[in-house]
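Q: Please pick one part of this model and look at it closely. Start with a single residue, then work outward to whatever surrounds it.

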Amino acid sequence: MKAVIAIALSLVFTGAVSAAESSATLASAEGSVMVNQGKQFVAVQNGQVFAAGDRVMVMQGGSAMLRFSDGCIVTLSGGSITEIPEVSTCAGGKLNSTRLANEAPPWINPEAPAAYGTSTWMLVGAGALLVGGLVAGGSDNNDTISP
């Protein structure tokens, strides 16, 4: 009887450990895809295994497809950093994603109009007016001509 209880407990414990060790595998990647597993971001390779807490960065124009250990598939879009959840999204896990800042100003990358906001342009304009005022009104010629 003790043996049956011991086996049952070991099976329950093994199931709990395997559920906690849910992982994701990089099924495919396009463009630049990197992972931070604690210290720094490094390039990934197809088939690389990620654990919960790893952060996957997909650069602008790229994409990545993750396959969780339960078969769930998730696609990550370019311009994002996503933290691997403890359980797959199919099992109720939630992806924690952050958008990357735009890489270029709008005159270089028209798809990134939010790279420089209105307040930035107002500050640039105010600075230009200040410099222009100093140049135009900064004449030090106080010589007067008497009649």
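A: **One leucine and its surroundings**

Start with leucine 66. Neighbours within four places in sequence are set aside here. Leucine 66 then touches Ala24, Thr25, Leu26, Ala27, Phe50, Cys72, Ile73, Val74, Leu76 and Ile84. This is a predicted model, so every contact is one in that model.

Which residues of the largest nonpolar core touch the most other members? They are Phe50, Val56, Leu66, Leu76 and Ile84, out of 15 residues in that core. Leucine 66 is therefore one of these five. Three of the other four, Phe50, Leu76 and Ile84, also appear among the contacts of leucine 66.

Now the strands behind this core. Strand E1 (23-30), strand E2 (33-36), strand E5 (55-58), E6 and E7 each supply at least two residues. The largest share comes from E6, with three residues. E6 spans 63-68, and strand E7 spans 73-77.

E1 deserves its own look. It pairs with E6 in the antiparallel sense, over six bridges. Within that pairing, alanine 29 has alanine 64 in E6 as its bridge partner. E1 also pairs with strand E4 (residues 49-51), again antiparallel, over three bridges. There, serine 23 is matched with alanine 51 in E4.

Go back to the contact list of leucine 66, where Cys72 appears. Cysteine 72 is bonded to cysteine 90 in a disulfide, with the sulfur atoms 2.1 Å apart. The link is right-handed, with 70 degrees about the S-S bond. What does this pair tie together? Cysteine 72 sits in the loop between E6 and E7, and cysteine 90 in the loop between E8 and E9, so the link joins parts 18 residues apart in sequence. A disulfide is a covalent bond between the sulfur atoms of two cysteines. The count for the model is one disulfide.

Are the two cysteines buried or exposed? Cysteine 72 is buried, at a relative accessible area of 4%. That value falls under the 20% cut-off for buried. Cysteine 90 counts as exposed, at 58% relative accessibility. The cut-off on that side is over 50%.

The loop of cysteine 90 leads on to the next pairing, since it lies between E8 and E9. Strand E8 (residues 80-83) runs antiparallel to E9, and four bridges join them. In that pairing, threonine 82 stands opposite serine 97 in E9.

E8 and E9 belong to an open sheet of five strands. The order is E3-E2-E5-E8-E9, and the pairing is antiparallel. Strand E3 (41-43) and strand E9 (96-99) stand at the edges, each with a single partner strand, so one side of each has no neighbour in the sheet. Neighbouring strands of this sheet are turned by 25 degrees against each other on average, direction ignored. Two strands of this sheet, E2 and E5, are also among those that supply the core.

Last, the whole chain. It has two helices and nine strands. From the N terminus, the elements run α-β-β-β-β-β-β-β-β-β-α. Buried residues make up 22% of its 147 residues. Take the contacts between residues at least 6 apart in sequence: 38% of them join residues at least 24 apart. The chain exposes about 10,200 Å², and carbon and sulfur atoms supply 60% of that area.

Key:
Residues are numbered from 1 along each chain as its sequence is written. This is a predicted model: local features need pLDDT of at least 70, side-chain atom pairs count only at pLDDT 80 or more; totals for chains, interfaces and linings use all residues. Side-chain values use heavy atoms; hydrogens and water are left out. Two strands pair if DSSP finds at least two bridges between them. Axes are lines fitted to C-alpha atoms, for helices over the stretch in contact, and angles run from 0 to 180 degrees between N-to-C directions. Buried means under 20% relative accessible area, exposed over 50%, partly exposed in between (1.4 Å probe, protein chains only). Contact means heavy atoms within 4.5 Å. Accessible areas come from the Shrake-Rupley method with a 1.4 Å probe; for residues, only the protein chains shown count as cover. A disulfide is a pair of cysteine sulfur atoms within 2.5 Å. A nonpolar core is a set of buried Ala, Val, Leu, Ile, Met, Phe, Trp, Tyr and Cys residues joined through side-chain atoms within 4.5 Å.
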